[in-house]
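Biologist: Before I rely on any labels attached to this chain, I would like to go through them with you and hear the reasoning behind each one. Could you show me the model first?

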Amino acid sequence: MSELLNFNYPPEPAVDRVTLFADVILPLPLPKLYTYRIPFEMNDDVLVGARVIVQFGAKRVLSCIVADIHEQAPADYQAKYILDVLDDTPIVTAPQLKLFKWIADYYMCTLGEVINAALPSALKLSSESRIQLHPHFNPEEDDIPLSTQEAKIIYALQQNQHLTFTDVANVLQVKSYHKYIKSLIQKEAIIIFEQVSDKFSPKVVKKVRLSEHFVQEEGMLEELFEQLTPKTKQLDILLNYLQQVPVHQDVNLNYKGLEKSVLTNNPHLSKSSIDSLIKKGVLEQFDQIISRFPVDDSPRLLPMTLSEHQLQAKDEILGLFKEKDTVLLHGVTGSGKTEVYIDLIKHALEGGGQVLYLLPEIALTAQIVTRLMKVFGEKLGVYHSKFSDNERAEVWQGVLSGRFQVVVGVRSAVFLPFHNLSLIIVDEEHEASYKQYDPAPRYNARETALMMAHLQGAKTLLGSATPAIETYYNCQTGRWGLVSMTKRFGEAQLPDVELINTREEQHRKNMHSHFSGKLLTAIEERLHRHEQVILFQNRRGYAPFIACDECSWIPKCRNCAVSLSYHKFSNELRCHYCGYHERMPSDCPACGATTLKSMGFGTEKIEDELKLMLPKAEVQRMDLDTTKKKNSYQQIIADFENGKTNILVGTQMVTKGLDFENVSLVGILNADSIIHFPDFRAHERAFQLFVQVSGRAGRKGKPGTVFIQTRDPMQAIFRKVKSVDYEALYAHEIEERMRFAYPPFVRMIRVTVKHADERTSENAAIVLAKDLTDRLGKQQVLGPEIPYIFRIRNLFLNEIHIKLPRENVNLRQAKGQIAQAIQQLYLLPDFKGVKVVADVDPM
């Protein structure tokens with residue numbers, strides 16, 4: 001839909017009508033809603049929660065969500081008219097709008113940023129500036145002097161009706177093209193307009209069917225057979241069609257037709273003959289909109305019978321739900337929490353409600369979806385970022401219409417338009433993956449799910465073998481309910497955990513690259529017994545960095561204060577923060593030596609070395625590099641489940657929630673790098689990672705063993721991991737956090753100041769910290785300080801940490817003071833271009 005931006009409405013008729021205005025949420029980081037006037041003829045069409053098209057500024061046309069309708073004209077500006085209405089019914093529900101407002105308030109961002117994150121791209125409008133020839137401009141007749149570059153643009157417009165700004169850049173082969181566009185506008189040779197198109201497009205398949213008279217009129221089908229008898233190829237097509245669409249049994253079957261690809265993909269049928277039948281009018285071709293999630297008609301499987309311990313846990317949860325809105329299911333790895341979830345989902349559906357099942361990683365959805373699909377069939381929807389824009393839009397519409405009563409999804413699934421939610425399950429609730437870092441809103445899906453449940457009167461079940469300290473604290477103080485499952489399902493036992501001292505192994509010359517002799521022998525034994533192995537290394541790539549053996553030169557990222565990681569498969573050096581990459585040099589750029597060595601190791605190097613050491617083993621890697629394609633997760637997991645892969649090497653993706661019955665050995669290759677991370681949650685996270693990845697072993701009655709390689713096996717954290725003593729970890733951590741004022745005893749907000757100039761960033765942070773101290777008090781403001789990684793994407797960082805006591809502090813007022821201090825900083829002329837980001841509850 002193309003529109004020139006000169007909308008002239010006819011004079012309003014002289015009748016007594018109510019003038020209505022709409023407050024809309026624009027997909028822009030604006031601190032306030034913007035008000036538009038509703039044309040009289042649209043009074044009944046504009047609905048709260050629906051999308052409308054508006055003009056914002058001089059050139060932009062945007063789609064936005066209606067947040068409110070009223071009769072109050074804006075006092076500070078003249079309200080423009082809404083241009084068009086996109087939806088007959090709201091695509092955002094009333095509970096959603098309340099949730100979006102809460103997210104904006106709590107996480108200190110704008111409603112526009114929330115809408116941008118919430119709506120699938122296919123439900124937004126794409127608006128891009130375009131140019132076309134001026135209607136009164138004639139290149140052949142008008143004697144207007146044009147530069148070489150301007151002439152190129154005019155010639156391109158003569159070949160095409162219009163060009164985007166990107167097209168202009170490609171035509172001219174230059175980055176700076178705006179001056180040529182501006183010049184042509186001044187010469188009245190071109191005009192700018194906005195083209196707006198709804199991105200969502202349904203899935204369409206081409207189908208064919210017999211022309212109606214051959215089916216409806218008696219004898220016509222027999223006559224058609226006689227006509228086609230000499231033309232054997234065309235007759236074969238007709239017979240094939242009638243075999244799959246038996247119209248002689250039911251003429252109505254012809255109306256549905258047959259997908260054209262069924263005929264064209266048949267090697268025994270002639271494609272040209274199919275087209276000939278269409279041209280002759282024997283077959284007619286038509287398009288049909290179909291779902292991207294076709295109905296599964298296969299028979300449903302009943303949920304498995306719960307064990308005594310599972311049944312007890314389920315009954316306890318339902319009992320606690322009568323008193324509390326939130327319950328934690330603390331079950332050891334392999335205790336069968338998923339079966340309890342399935343039974344609770346079934347219970348919720350029987351009551352007529354909807355269910356949201358949240359997972360921290362896309363990798364987990366492959367196994368879980370397979371299990372849930374066998375039970376809930378077409379009632380189940382799946383929502384995550386590997387889906388296309390149109391697939392996500394279809395799930396959104398399916399939740400709105402009630403087609404999907406259960407949705408399995410990752411973080412972004414909390415934005416879906418549920419209207420009758422009765423249960424939310426947050427599996428692996430401790431996971432940091434639930435936190436969104438960039439861009440805004442920097443929300444935590446677990447906390448958002450709790451508010452979502454509160455707004456809709458639903459219950460929330462949190463599940464984990466290693467709960468977050470804050471979560472367990474809420475249970476211990478009686479705010480939330482607690483149910484424990486202390487035994488593994490069936491005959492399975494928790495794996496034996498053994499520590500390997502790599503310092504001693506090196507001294508004995510018993511290290512083979514990054515593998516101790518004991519671990520390598522154990523892997524070989526498992527392969528001989530046709531069992532499987534999982535190896536965990538919390539770093540992707542081949543090596544964290546490379547260095548010159550002669551002059552110690554180390555390649556650094558041009559944009560960030562980090563070294564470049566080496567990726568052997570692509571022979572590249574990459575930055576894991578900004579994505580910058582360059583080819584691996586053959587010699588040192590500093591001294592010219594060819595002695596470049598890789599330092600440290602990542603998952604790619606582990607995979608590479610295993611293939612050399614164990615040539616008969618089938619090794620596969622699961623990390624960010626190997627799971628970029630849409631179905632790569634499912635393929636890697638399926639290969640491991642089916643025994644095509646013997647050894648699975650991975651990052652944190654392999655540590656959580658995956659269920660493989662033939663895994664008897666887990667190896668943690670470098671435990672020390674996780675324990676000694678500079679963060680108050682380091683020991684908590686180390687315990688969670690080690691216990692979770694250990695839990696992948698020995699899940700189906702087969703004895704499991706875990707080897708942890710460390711240079712210091714005497715560290716206290718290892719005793720807790722070996723005995724899976726979560727209570728001991730909790731007791732130590734909660735005491736430390738109370739002493740040093742960390743969550744759950746305070747709320748934390750991290751304020752990051754960014755600027756391209758190092759000194760400007762530092763000075764701005766000092767000024768902001770002083771203002772915050774004056775507003776909030778000296779005890780509440782820490783910093784500014786330079787973070788460990790002090791430059792990312794060419795911006796220098798300085799951080800200020802704010803600790804707000806949970807008692808006797810008005811959180812809304814405190815956040816208001818922080819926002820005001822940031823705005824005051826923006827007004828200072830010395831700090832133009834400074835960007836300040838507030839992250840509430842950083843992980």
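Modeller: This is a predicted model, and a place to begin is its largest nonpolar core, which has 113 residues; Leu356, Val414, Phe690, Leu768, Leu772 and Ile802 touch the most other members. Helix α1, residues 94-106, supplies the largest share of this core, namely seven residues. There is also a second, separate core of 31 residues, with Ala313, Leu359, Ile368 and Ile425 among them.

Biologist: What makes a set of residues a nonpolar core?

Modeller: The members must be buried residues of the nonpolar kinds, joined through side-chain atoms within 4.5 Å. In soluble globular proteins, nonpolar side chains tend to be buried together. As for Leu772, its contacts beyond four places in sequence are Gly777, Val781, Ile800, Ile802, Ile818 and Ala821.

Biologist: Why is Arg737 called buried?

Modeller: Arg737 has a relative accessibility of 2%, and the cut-off for buried is under 20%, so Arg737 counts as buried. Arg737 belongs to helix α25, which spans residues 726-740. Beyond four places in sequence, Arg737 is in contact with Ile469, Glu470, Phe680, Arg681, Glu684, Tyr742, Pro743, Pro744 and Phe745.

Biologist: What makes the pairing of the Arg737 and Glu684 side chains a polar contact?

Modeller: The distance that joins the two side chains, Arg737 and Glu684, is 2.6 Å, and a polar contact calls for N or O atoms within 3.5 Å, with one able to donate a hydrogen and the other to accept it. The pair is therefore listed as a polar contact.

Biologist: Why is Lys379 called partly exposed?

Modeller: Partly exposed is the class in between under 20% and over 50%, and Lys379 has 35% relative accessibility, so Lys379 counts as partly exposed. Lys379 sits in the loop between α14 (362-376) and β15 (380-383), where Lys379 touches Leu349, Arg403, Phe404, Gln405 and Val406, leaving out residues up to four places away in sequence.

Biologist: Which residues line the largest cavity, and what is their make-up by class?

Modeller: The lining consists of Thr333, Leu494, Pro495, Val497, Phe690, Val691, Ser694, Gly695, Val721 and Val724, and by class it has seven nonpolar, three polar and no charged residues. Gly is counted as polar, so Gly695 falls in the polar class. Helix α23, residues 682-694, gives the most to this lining, with three residues. The space in the largest cavity is about 80 Å³, and the structure holds one cavity of 30 Å³ or more.

Biologist: Why is Ser552 called exposed, whereas Asn571 is called partly exposed?

Modeller: Ser552 has a relative accessible area of 53%, and exposed means over 50%, so Ser552 is exposed. Asn571, at 28% relative accessibility, falls in between the limits of 20% and 50% and therefore counts as partly exposed. Ser552 is in the loop between β24 (545-548) and β25 (565-567), while Asn571 is in the loop between β25 and β26 (572-574).

Biologist: What is phi in Ser552 and in Asn571?

Modeller: Phi of Ser552 is near 70° and phi of Asn571 is near 55°. Most residues other than glycine have a negative phi, and most peptide bonds are trans.

Biologist: Which peptide bonds are cis?

Modeller: Among them are the bond from Asp438 to Pro439, with omega near -10°, and the bond that joins Ala440 and Pro441, with omega about 0°. Pro439 lies in the loop between β17 (421-427) and α16 (445-456), and Pro441 lies in the loop between β17 and α16 as well.

Methods
Residues numbered from 1 in each chain as written. Heavy atoms only, no water. Buried < 20%, exposed > 50% of the residue type's maximum accessible area, 1.4 Å probe, protein only. Helix = DSSP H or I, 4+ residues; strand = E, 2+ residues; numbered from the N terminus. Contact = heavy atoms within 4.5 Å. 1 Å grid on protein atoms, 1.4 Å probe; cavity = no way out; pocket = protein on both sides within 12 Å on 5 of 7 lines; lining within 4 Å. Points joined across faces, edges and corners; volume = space filled by probe spheres on them.
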